[in-house]
Each structure stands twice: as structure tokens, then as C-alpha cells.
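Trainee: Before we start, can I quiz you on the wording people use for models like this one? I'd like to hear what stands behind each term.
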Amino acid sequence: MDVFVFYAAAAITLLGASMVLVLANPLRAAMALILSLGALSVIYVLLHAQFVAVMQLLVYAGAIIVLFVFVIMLLNLEDPKTRRSWPWVAGVFTIIGGLSYGLARGLMVDDNQFITSGPPHVNALSKDYGTVEQVGREIMTTFVLPFEMLSVLLLVAVVGAVVISKKRL
Amino acid sequence: MVPIGVPVEHVIALAVALFVIGVLGVLLRKSVIVMLMSVELMLNAANLLFVVFAERWGVARGQTISFFVMAVAAAEAAVGLAILIGVFRTHNTTDVDELRDLLEQS
Amino acid sequence: MNISDALAGMPQILPMIAVIVGGLVTMLMAVARSHKDPEHGQLTAGPFVAVALVSLVFALFLLTQIEPQAKAVWGGTLAIDRLSLVGQGLIVVIAALAISMGAASITTQGIVRGEYFALSLFCVSGMMLMVAATELLTFFVGLEIMSLAVYVLVGFRRSDRRSQEAALKYFLSGAFASAFFLFGAAMVFGATGTTAYAGISTSAQKLLSGTAFPMQTLLLVGATLCVVGFAFKIAAVPFHMWAPDAYQGAPTMVTGFMAVTVKAAAFMAFLRFVLLALGDGSTRHVPWIVDVLSLLAIVTMTLGNLSAVLQRNVKRMLAYSSIAHAGYLLVGMVGALERGEPAVQGLVFYLFVYGLATLGAFGVLIALERKNGRHDEMLINRFAGVGFQHPALGVAFAVFMFALSGIPPTAGFTGKVLLFGPALDAGHIGLVIVAVLNSVVSVYYYLSIVVYMFMKNPPPRQSTEPRVFSPWLTGALVVTTFGVLIVGMMPQRWIDMFAKLV
């Protein structure tokens with residue numbers, strides 16, 4: 001069941017991403033991006049990263065894409081004149097398919113290489129794996145310095161965005 | 001709990017495909033806003049790799065990193081869109097091919 | 001590890017905190033002033049520069065108080081070895097000079113916002129984090145703080161087409177490069193199960209020496225993508241396309257700031273990554289990294305210099321010159337990988353010299369800019385006769401050009417000897433010959449500006465042009481000029497300062 005859902009979500013992710021690449025209208029591309037990132041959050045749930053999945057939806061659908069859509073509306077961006085021809089699309093997707101197949105095979109990674117101890121076929125995950133508590137503990141210990149510095153990053157982004165884009169200062 | 005029964009190669013292939021789509025989006029599209037979306041796709045591909053490797057190693061670190069990446073992606077989108085607005089104000093276009101005030105003068 | 005262990009590292013980040021506090025204070029001052037003062041054009045830079053300098057000098061003082069130690073602090077994310085302390089100090093000093101120079105053009109160039117200082121200081125704090133980080137994520141956060149601040153600074157002249165265009169181009173290529181770096185970091189994490197440099201180094205040694213873990217490919221591809229990310233930031237060919245546009249379009253004071261500090265921070269972080277994550281200080285786990293870096297160095301130097309020769313715009317020419325210098329510094333990095341400590345010392349010394357000379361050159365450009373707030377093209381003909389009208393500026397500029405081309409007795413000569421020496425010792429004779437030939441080519445375009453300044457007559461109408469005068473700029477120019485000369489004439493004291501870096 002999990003496995004089936006995974007492949008379905010993967011297909012939707014790729015479909016959405018491809019639409020971002022192909023669709024001429026930026027607003028439609030933004031919608032396709034939501035589709036892609038939403039399906040990706042399903043994959044995160046399946047990979048035992050529930051908290052990441054929730055944040056993915058909140059941050060991307062709730063903030064980043066809204067920002068994109070807002071700017072598209074604000075600037076009233078229209079369809080560009082160019083339309084994609086079918087050979088172009090086919091060529092691009094051949095490249096994508098070839099590269100991803102080739103690279104994924106070429107990396108020669110498989111599940112057995114991650115096993116750090118003993119016979120069970122895969123590393124067992126701890127009971128609280130992927131919970132808010134486990135992730136939060138790591139953020140507040142090992143990564144507390146970069147976490148605090150993120151506040152400077154966000155401050156830079158806020159100040160910078162206002163300085164550059166505000167109409168009158 | 002055990003990791004999902006999907007081979008890691010398949011997840012890597014998905015991440016690489018997303019990344020390649022993002023790269024092609026930046027290289028082929030002319031509209032700056034779609035280029036920014038493509039960068040988001042590339043960051044998400046990296047996030048997917050972090051999450052799947054974290055699961056296979058059984059450590060939380062990859063998941064933790066993916067939070068930081070989301071925060072960085074949000075900050076980057078904010079600044080990128082602000083710069084886009086600035087460019088639109090001065091050039092009245094968001095097409096990279098029409099931005100050519102800075103060119104080689106040799 | 002628990003939270004109190006993490007907080008035990010507090011004294012080690014006080015310099016960074018001092019810089020951030022300076023940024024916050026200038027930010028608040030900017031807000032307060034814009035409310036009080038309806039006449040925006042009248043913003044005086046003095047108080048802002050004073051606050052910025054106080055915080056930077058204080059940070060430098062704090063840095064000198066920290067005892068270097070081998071063990072990383074903050075849960076293994078931050079190094080406080082000598083390379084980290086000296087690197088942070090170098091960035092702080094250069095940033096202080098750059099910010100003082102920028103004060104002159106804050107009003108004349110239509111940049112009337114105090115946020116310029118706040119963003120510069122935040123940017124410096126990000127660079128300090130980058131230089132000290134011994135963990136991929138921490139480095140990435142520092143990199144993004146620096147990059148986002150610089151993107152905004154490049155686009156700071158809001159009504160200027162070129163400035164906006166430069167900001168956009170720089171942003172797009174920078175974000176693209178960050179994504180490459182991150183994808184590579186994810187692969188490295190996948191291959192090693194950790195993101196700390198020490199852990200990566202241990203796993204890499206296991207992965208690459210034996211066949212116990214067949215995940216070499218993942219590690220190597222990941223490391224290569226990370227190196228691509230670094231190469232973008234140091235503007236090494238073929239990842240340099242953004243540099244000429246960004247340098248030309250940015251306000252001159254920002255160009256000076258980014259040409260020097262961004263390159264220094266990215267280079268020192270790159271050095272740490274290659275030395276400590278892909279090696280363990282003395283040995284390399286990836287033998288062919290030397291060949292890759294040599295190739296990158298040769299291409300970067302040659303293309304940078306040949307393109308610089310063709311430029312008529314001085315800012316663009318200096319951009320290509322900085323690309324060429326990235327190539328020289330890569331030669332130093334090859335030496336550092338082969339020879340360890342003395343070469344690292346030479347590399348940091350050269351970064352210091354390059355910083356002083358480049359910053360000085362941009363300082364002279366700032367002093368020569370027109371006063372009307374319009375974008376100044378800075379074509380080479382504009383420099384005709386400048387040496388007679390403003391002899392001090394002309395002589396200073398000549399000194400900087402001599403230093404950049406490596407002519408004694410300036411520090412550029414000493415720097416190049418120290419930079420290329422270790423690579424020569426290690427037997428990379430061909431590489432060093434290419435580097436020296438490139439230096440000879442570079443003399444042509446550096447001196448051509450000096451020739452314009454002192455040997456051509458000025459066009460008649462330019463003689464009454466008003467010039468920006470600022471005590472801050474003058475002070476910084478005096479410091480850089482004498483710095484380049486004094487360091488060049490008695491280098492030993494300064495080399496000792498950078499001794500024992502790894």
C-alpha cells in the first residue's frame with residue numbers, strides 16, 4: 001500500500017514539476033508548483049518525516065507560493081508570446097529522463113550500503129523518529145548556532161525586500 | 001518502525017529528475033518568475049535527498065537540515081521577488097533576454 | 001549533548017554578535033532618521049560609519065582575545081582554530097575599510113538609506129560564520145546571509161536600470177549555485193551519514209581507501225557539486241558569468257565591498273572544506289582534486305586576464321581582474337593541498353594584499369565619481385589626465401595597480417612569491433609558469449589606466465568637475481596605500497601574523 005502511494009505521489013510530483021517547466025502562463029506554473037510540492041509532502045510522510053511534511057505544506061503552499069502568486073498578480077504578468085512546440089517538449093523530457101536514469105544508476109547506491117549494524121535487512125528507526133520532539137531536540141542542541149543565525153538571515157531578507165521593492169522610501 | 005520498502009535508487013532518481021527539471025527551467029525559461037520557481041524545485045530536490053538519506057541512515061539530521069533549507073528558500077524567494085519588482089519598475093519587463101544594459105563593450 | 005554544552009561556546013561567537021549588534025543599531029538609526037528628516041537627500045553618513053566602525057573594531061578586539069583551540073565548539077559546527085580567527089579578523093578589517101569608503105558616495109550616488117550599513121554589517125556576520133563553519137549546514141546558512149545581503153546591496157540604487165539588472169543577474173546565478181551546493185551537500189550526507197567536516201573526513205577516508213562501503217561515487221559526485229557551488233562564489237571560470245555584470249552594475253562602493261570580502265570569505269571557506277572535509281589537514285582523500293583545481297586555476301587566470309585586456313570600462317576590467325586573481329589564489333590552494341601550513345599562510349597573506357589593493361582601486365573610483373547621482377560609466381578615457389588634476393589619487397591608483405600586477409616593492413610582489421612558492425616546491429612547474437605569464441599579461445591592462453592618468457591630456461570640459469570629498473574615504477585610502485607599500489617593504493612582521501594557520 002505504502003509503496004503504491006509512493007509511486008503515485010512521485011508521478012504527481014514529476015507531473016507538476018514538468019508543468020512548471022512547460023506551461024507558458026506563470027500563474028499556471030505556480031499552481032503546478034503547488035501540485036508538485038504537495039505531492040512531495042506525501043512522500044515525506046511515507047519517508048517517516050511527518051513534521052517535515054506539515055512544514056512543507058505550511059511554508060510552501062502557505063507562504064512561498066502565495067508570495068509568487070501575489071507578485072504575478074501585482075505585476076500583471078501575461079503569457080509570453082512563445083509557445084512550446086511538441087518536439088521541443090519531447091526533447092527536453094528525453095534529456096530529463098536520460099539524465100535522471102543515468103545518474104541514479106551511475107551513483108550505484110542501494111539499500112544495503114546504509115546498514116550500519118547486523119542482520120535486520122534495514123536500519124530500524126527509533127520509535128520517535130521524525131517527530132517534532134526528535135527534530136526539535138537536534139535543532140536546539142547541535143544546530144542551535146545556525147538556528148539562531150537563521151534569524152539574521154530572515155532579518156536580512158525582510159530589510160532587503162523592503163529596501164529594494166518599496167515604492168517610496 | 002522500518003523504512004518504506006521503496007528502493008533508495010528510485011527515490012534518488014526522483015530527486016535527480018526534480019533537480020534536472022529545475023536546472024532546465026532556469027536555463028531554458030525566459031520569464032524570471034518561472035526561473036525562481038525552478039530554483040525552488042532544485043531546493044526541494046535537495047530536501048528530498050536529505051530526508052530519504054536520513055531515513056536510510058536512521059538519523060534525524062537530514063530532516064533537521066530540511067527545515068533550515070525551507071527557511072532559506074523562503075528568504076531567498078522574498079529577496080528574489082523583491083529584486084524582480086525592482087527590475088520591473090525600471091525595465092517594465094521580466095524577460096531576462098530583454099535585460100541587456102550590461103553588455104561587453106569591446 | 002545538551003543546551004548548556006552548546007552555550008559553553010558563547011565567548012567564541014561574541015565577535016559575530018558584536019557585528020550583528022552594530023547592524024541592528026544602524027538599522028534602528030536608519031528608521032529613526034527617516035522619520036525625523038523629511039529631506040532624505042541630507043542623510044549624513046558620519047554617525048552610521050562611526051557605529052559600524054566601532055562594532056567592527058570591537059569585534060576585532062574580541063577576536064584577538066580568543067585562544068585558538070583545535071576542538072570545534074557549538075556541537076561541532078564552529079571552528080575556533082587560527083585559520084578561523086585570522087580569517088574572521090581579515091574580513092572584519094577589510095569590511096571596515098570598505099564601509100568607510102562607501103560613506104563618501106552614500107549621498108552622491110542616490111543611495112540615501114542607512115540600511116546600507118545595516119545590510120553590510122549583517123553580511124559581515126554571515127561571512128564570519130562561513131569562515132568559521134566546520135559543518136555543511138552552518139556554512140550554508142552563513143553563505144546565504146552573505147549572499148542575500150549582497151544581492152540587495154548590488155540593487156541598492158533603486159532607480160538605476162543597471163543596478164537592478166545586475167542585482168537580478170547576480171541573484172539568479174547565485175541562487176542557482178546555492179542549489180547546486182545544497183544538492184551536493186545532500187549527496188555527501190547520503191554517503192557519509194553526517195554533515196560535520198570531521199565526520200565527512202573520517203568516512204571519506206574509509207569510503208575511498210577500501211571497498212568496505214561502495215558509496216564512493218555518491219560522495220565524489222556530491223563533493224564535486226559542492227566545489228561547483230564554491231567556484232561560483234569565488235567567480236572561477238567557467239562559473240564566472242555573473243561577475244562582470246554584477247561588478248559593473250553595482251554601485252561602486254558595493255563593488256569594492258563584494259570584490260574583496262565575498263571572495264575572501266568564500267575562498268577561506270572553500271579552503272577549509274577541501275582541507276578538512278576532503279582531507280584531514282595534511283593528507284588528501286581525493287587525490288585528483290589537485291588536478292581539478294590546477295585546471296580550474298589555469299582556465300580562470302587565462303580567461304580572466306585575456307578578457308580584462310579587451311575591456312574599456314574600468315569597473316568591468318577590475319571585475320575580470322578579480323576573476324584572474326581567483327585563478328592565482330587557486331594556484332595557492334593547490335600549494336596548500338600539497339604543502340600544508342606555509343602555503344595556507346601564503347594564501348591568506350595574498351587575500352589580505354589583494355583585499356587592500358582592490359579596495360584601494362575602488363576607493364579611487366569612488367573619489368572620481370560624478371556628483372549627480374547618475375550612473376557613471378567609468379570608461380577608460382575618463383581617466384585621461386586625472387593624474388595631473390588629482391596627483392594624490394593618481395599616485396595612489398598607480399600603487400594599487402602595481403600591487404595587483406605584482407611589481408615590487410609593493411605587497412603584491414611579496415604576496416605572489418608566497419602564493420606561488422609552495423606550488424613550485426611541490427613540482428607544479430607548468431602551473432606556476434602559466435601563473436607568471438598571466439601576471440605579465442595583466443601588467444598591460446593595469447598599467448594602461450596609469451598611462452591614461454599620467455600621459456594623456458584631459459578633455460577640456462572635465463577639469464571643473466566636482467569631486468566627492470569625505471574624510472572617511474581619504475582615511476581609508478591613506479590606510480590602503482600605505483598598507484600596500486609597508487606590507488610590501490617589510491613583509492616579515494605581517495607574515496608572522498599569519499603564521500601557524502592549520
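Trainee: Let's begin with chain A: what share of its contacts with a separation of 6 or more comes from residues 24 or more positions apart?
Mentor: That share is 55% in chain A. Keep in mind that this is a predicted model.

Trainee: What helices and strands does chain A have?
Mentor: Chain A has six helices and zero strands, so along the sequence the pattern reads α-α-α-α-α-α.

Trainee: How do you know how chain A compares with a compact globule of 169 residues?
Mentor: Set the two radii of gyration side by side: such a globule would have one near 15 Å, but chain A has 21 Å. The C-alpha trace of chain A spans about 60 × 45 × 30 Å along its principal axes. As for burial, 40% of the 169 residues of chain A count as buried.

Trainee: His48(A) caught my eye. What makes its backbone worth a comment?
Mentor: His48(A) has a positive phi of about 60° although it is not a glycine. You'll find His48(A) in the loop between H2 and H3 of chain A.

Trainee: And why is His48(A) called buried?
Mentor: Count the neighbours: His48(A) has 21 other C-beta atoms within 10 Å. The cut-off for buried is 20 or more, so His48(A) qualifies.

Trainee: Is Asn92(B), which also has a positive phi of about 60°, buried or exposed?
Mentor: Exposed: Asn92(B) has 9 other C-beta atoms within 10 Å, and 12 or fewer is what the label asks for. Asn92(B) sits just after H3(B) and is not a glycine.

Trainee: Staying with H3(B), how do you know that its span agrees with its number of residues?
Mentor: At 1.5 Å a residue, the 31 residues of H3(B), 61-91, should span 45 Å. The end C-alpha atoms of H3(B) are 44 Å apart, so the two values agree.

Trainee: Why is H3(B) described as largely enclosed?
Mentor: Because 26 of the 31 residues of H3(B) are buried, the rest of the structure largely encloses this helix.

Trainee: What pLDDT does chain B have?
Mentor: Chain B averages 89, and 96% of the residues score at least 70. Among the elements of chain B, helix H1 (residues 8-28) has the lowest mean, 92, and helix H2 (residues 32-57) the highest, 94.

Trainee: Why should I care about that score?
Mentor: Where pLDDT is low, the predicted coordinates should not be read in detail.

Trainee: Over to the interfaces. How many residues of chain A are in contact with chain B?
Mentor: On the chain A side there are 67, in contact with 60 residues of chain B. By class, the side of chain A has 53 nonpolar, nine polar and five charged residues.

Trainee: How many residues does the contact between chains C and B take from each?
Mentor: It takes 36 residues from chain C and 36 residues from chain B. H7(C) gives the most to the chain C side, with 18 residues. That side divides into 19 nonpolar, ten polar and seven charged residues.

Trainee: Last one: which peptide bond is cis at Pro238(C)?
Mentor: The cis bond there joins Val237(C) and Pro238(C), with omega about 5°. Pro238(C) is in the loop between H9 and H10 of chain C. The bond from Pro408(C) to Pro409(C) is cis too, with omega near 5°, and Pro409(C) lies in the loop between H16 and H17 of chain C.

How values were computed: Residues are numbered from 1 along each chain as its sequence is written. Chains are lettered from A and ligands numbered from 1 in the order in which they are written. This is a predicted model: local features need pLDDT of at least 70, side-chain atom pairs count only at pLDDT 80 or more; totals for chains, interfaces and linings use all residues. Two residues are in contact if their C-beta atoms, placed from the backbone, lie within 7 Å. Helices (H or I, at least four residues) and strands (E, at least two) are DSSP runs, numbered from the N terminus. Ala, Val, Leu, Ile, Met, Phe, Trp, Tyr, Cys and Pro count as nonpolar, Asp, Glu, Lys and Arg as charged, and the others, Gly among them, as polar. The radius of gyration is taken over C-alpha atoms; the globule rule is 2.2 Å times the number of residues to the power 0.38. pLDDT is the predictor's confidence in each residue, from 0 to 100. The expected span of a helix is 1.5 Å times one less than its number of residues.
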